[in-house]
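User: I'm new to this one and would like to learn how its labels are earned. Could we go through it together?

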Amino acid sequence: MFTSLRRIIKSGFRGFFRDGGLMVATIFVLILVITLATSLFLFSGVSKFIIALVEEKADISVYFKEDVMEIDIFEVREELVKIPEVKGIKYISQERALDDFIERHKENPVLMASLAEVGHNPFLASLNIMAFDPGQYQNIVSFLETPDFTTLVEKVDYYERRPVIERIFSITSTANKVFIFLSIILAIVAILVTFNTTRLAIYNTREEIKIQRLVGAGSWFIRGPFLIQGILAGILAALICLALISLATWFLSPRIEVFFPGLNIFEFFSINLWQIILIQFATGILLGIISSFLATRKYLRV
Amino acid sequence: MISFQHVTKIYSCNSIALEDVSFDIKEKEFVSLVGKSGAGKTTLLKLLLAEEKPTQGKIFFEGKNVNEIKSTRLPEFRREIGSVFQDYKLLSSKTTYENIAYALEVVGASDQEVARDVPKVLEIVGLTEKANNFPAELSGGERQRAAIARALIHRPEVILADEPTGNLDPYHSLDIIQLLLKIQEMGTTVILATHNKEVINSLEKRVITLEKGRVIRDEEKGRFIL
């Protein structure tokens with residue numbers, strides 16, 4: 001048993017180095033597939049970051065009537081916090097709203113003059129609410145429209161922002177669906193390409209497989225070395241790919257950060273390094289084994 | 001030891017390879033199968049090796065019905081037979097030594113047995129000097145001797161030789177036949193399929209003559225008559 005296993009491994013290694021040209025072709029295809037798998041992983045990280053960035057821009061504000069006491073607003077906030085869809089609430093007092101306005105428009109004399117003309121603080125206190133998902137704002141608004149709150153609330157700006165929020169919701173959910181669809185298609189293409197390359201490589205040795213069969217070799221004794229070659233090709237491809245992706249993320253990271261401040265792709269790569277290594281080796285080794293297994297099966301029927 | 005009982009092999013309605021073939025082969029016998037190309041010699045050997053299934057009839061090898069052997073048990077069965085082919089069928093990616101050792105490895109021989117037996121057999125077939133050469137680096141005669149060495153290394157009960165001299169010149173043909181005779185004298189049954197008249201006539205052994213898939217003659221100390 002162990003002698004056979006040792007012979008299979010030895011024969012696999014020998015075949016790997018003797019069939020250099022074919023192995024280079026297989027490794028090259030595997031590199032493409034592993035790069036694709038890693039890119040999908042990195043892209044999913046990047047797209048989550050961008051979607052979160054966009055979703056942060058989507059929020060609603062609840063403006064309270066002028067005579068509502070601050071303590072009542074805090075009570076409303078306590079009630080809102082209990083809703084599971086609510087991610088965060090920020091209270092903006094009348095004074096804070098005025099300060100923000102002045103800060104934003106201090107360079108605009110017309111607006112400043114108009115404010116002086118009004119003579120008092122025209123801004124209302126508000127609660128700025130953020131949901132976990134843009135699709136959940138309608139539930140929060142429905143909650144605020146119950147009779148308990150309508151006496152306190154002057155207006156909720158959801159209906160003015162709804163088109164923008166719904167658009168963001170639609171874009172992010174479409175982006176997710178497209179991402180999943182593309183991943184599946186690319187994965188299928190990658191598997192087929194790898195399988196075909198391996199099949200071509202093994203097709204060249206079909207006569208040898210037949211001879212081995214006629215000499216009395218068992219299926220695993222014949223198949224084993226091909227599986228070992230598949231594993232070796234997978235490991236080598238994963239190592240090359242890891243080096244390439246490390247270099248690419250390190251090189252591209254500062255350039256991407258120019259467009260998306262805060263998005264450090266090399267940092268994302270470093271944090272998820274073990275997961276990426278696992279993805280790369282699992283993709284390479286599994287593809288190598290499965291495609292070798294399927295490709296040899298046909299020629300073993302002698 | 002080997003028994004063909006009313007064996008017929010039909011590939012298609014206008015391609016009948018064997019028709020109602022029956023004969024027995026005893027242990028340690030040297031039997032030649034002769035016939036023109038297409039007479040059914042190779043089909044007969046393929047049936048014995050369970051590479052093909054007969055359309056009708058039964059083939060027994062040491063009491064076992066060859067066609068009832070499950071595919072998972074086929075490797076084990078084939079290890080009892082050594083095969084030599086006209087086109088040598090050596091593993092091109094392995095050296096002469098590795099090709100011969102492979103037949104021992106598949107039967108689970110230890111490393112010591114491989115190291116002990118392969119050089120001996122290489123010496124018997126006169127290929128010691130070519131042990132580390134790949135098949136592409138050997139002459140036709142050397143390749144056939146390597147194939148014979150591989151066929152006999154695991155001491156099979158029977159050796160099937162399908163046109164082993166088909167690609168060789170007369171000198172090398174004689175060389176190969178002498179080797180097969182030596183193997184038979186050592187106690188192995190040899191079945192030789194050939195259409196080489198001179199070889200058959202020089203042997204003075206049993207000859208089964210096939211014509212259009214039928215046995216037309218079966219003689220002890222037979223001659224090549226077609």
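Analyst: Happily! Let's begin with contacts: two residues are in contact if their C-beta atoms, placed from the backbone, lie within 7 Å. Among contacts in chain B between residues at least 6 apart in sequence, 67% join residues at least 24 apart. Please keep in mind that this is a predicted model.

User: What share of the contacts in chain A with a separation of 6 or more comes from residues 24 or more positions apart?

Analyst: In chain A, such residues account for 86% of those contacts.

User: How many helices and strands does each chain have?

Analyst: Chain A has 12 helices and four strands, while chain B has seven helices and 10 strands. As for burial, 27% of the 302 residues of chain A count as buried, and in chain B buried residues make up 46% of 226.

User: How many residues does each chain bring to the contact between chain A and chain B?

Analyst: Chain A brings 14 residues and chain B brings 17. On the chain A side, α1 (2-18) and α9 (206-215) each supply at least two residues. The most comes from α1(A), which gives five residues.

User: Why is Arg297(A) called exposed?

Analyst: A residue is exposed if 12 or fewer other C-beta atoms lie within 10 Å of its own. Arg297(A) has 12, so it counts as exposed. This residue sits in helix α12 of chain A. In sequence Arg297(A) is 78 residues from Ser219(A), yet their C-alpha atoms are 8.7 Å apart in space.

User: And what makes Glu29(B) partly exposed?

Analyst: Partly exposed is the label between the exposed limit of 12 or fewer and the buried limit of 20 or more. Glu29(B) has 18 other C-beta atoms within 10 Å, so partly exposed is the right label. You'll find Glu29(B) in the loop between β2 (15-25) and β3 (30-34) of chain B. Leaving out residues up to four places away in sequence, Glu29(B) touches Thr189(B) and Arg206(B). Arg206(B) is 177 residues away along the chain, with 8.2 Å between the two C-alpha atoms.

User: Why are α10(A) and α12(A) called roughly antiparallel?

Analyst: Angles over 145 degrees count as roughly antiparallel. The axes of α10 (219-259) and α12 (273-299) of chain A cross at roughly 150° and come within 8 Å. α10(A) and α12(A) are therefore roughly antiparallel to each other. Their crossing is right-handed.

User: What about α3(B) and α5(B): are they roughly parallel or antiparallel?

Analyst: Here the axes come within 7 Å and cross at roughly 25°. That makes α3(B) roughly parallel to α5(B), since angles under 35 degrees count as such. This crossing, too, is right-handed. Where these helices meet, Thr96(B), Asn99(B), Ile100(B) and Ala103(B) of α3(B) contact Ala146(B), Ala149(B) and Arg150(B) of α5(B).

User: How do you know that α5(B) is largely enclosed by the rest of the structure?

Analyst: Buried means 20 or more other C-beta atoms within 10 Å. Of the 13 residues of α5(B), 11 are buried, so the helix is largely enclosed. Among them are Arg143(B), Ile148(B) and Leu152(B). Their cover includes β6 (81-84), α3, α4, β7 (158-162) and α6 (170-185) of chain B. The length of α5(B) fits as well: its end C-alpha atoms are 19 Å apart, which agrees with the 18 Å that 13 residues should span.

User: How do you know that the buried residues of α4(B) line one face of the helix?

Analyst: Those residues are Val114(B), Val118(B), Val121(B) and Leu122(B). Seen down the axis of α4(B), they fall within an arc of 100°, so they line one face. In general, an α-helix has 3.6 residues a turn, so residues three or four places apart point the same way. Turned away from the buried side of α4(B) are the exposed residues Gln112(B), Ala115(B), Arg116(B), Lys120(B) and Glu123(B). The cover over the buried residues of α4(B) includes α3 (96-105) and α5 (140-152) of chain B.

User: How far does α4(B) reach, and what comes just after it?

Analyst: Helix α4 (111-124) of chain B has 14 residues and reaches 20 Å from first C-alpha to last, close to the 20 Å expected. Just after α4(B), Gly126(B) takes a positive phi of about 70°.

Notes:
Residues numbered from 1 in each chain as written. Chains lettered and ligands numbered in written order. Predicted model: local features only at pLDDT ≥ 70, side-chain atom pairs only at ≥ 80, totals over all residues. Expected span 1.5 Å × (residues − 1). Arc of directions from axis to C-beta. Axes fitted to C-alpha atoms, helices over the stretch in contact; angles between N-to-C directions. Parallel < 35°, antiparallel > 145°, perpendicular 65-115°, else oblique. Left-handed = near helix turned anticlockwise from the far one by under 90°.
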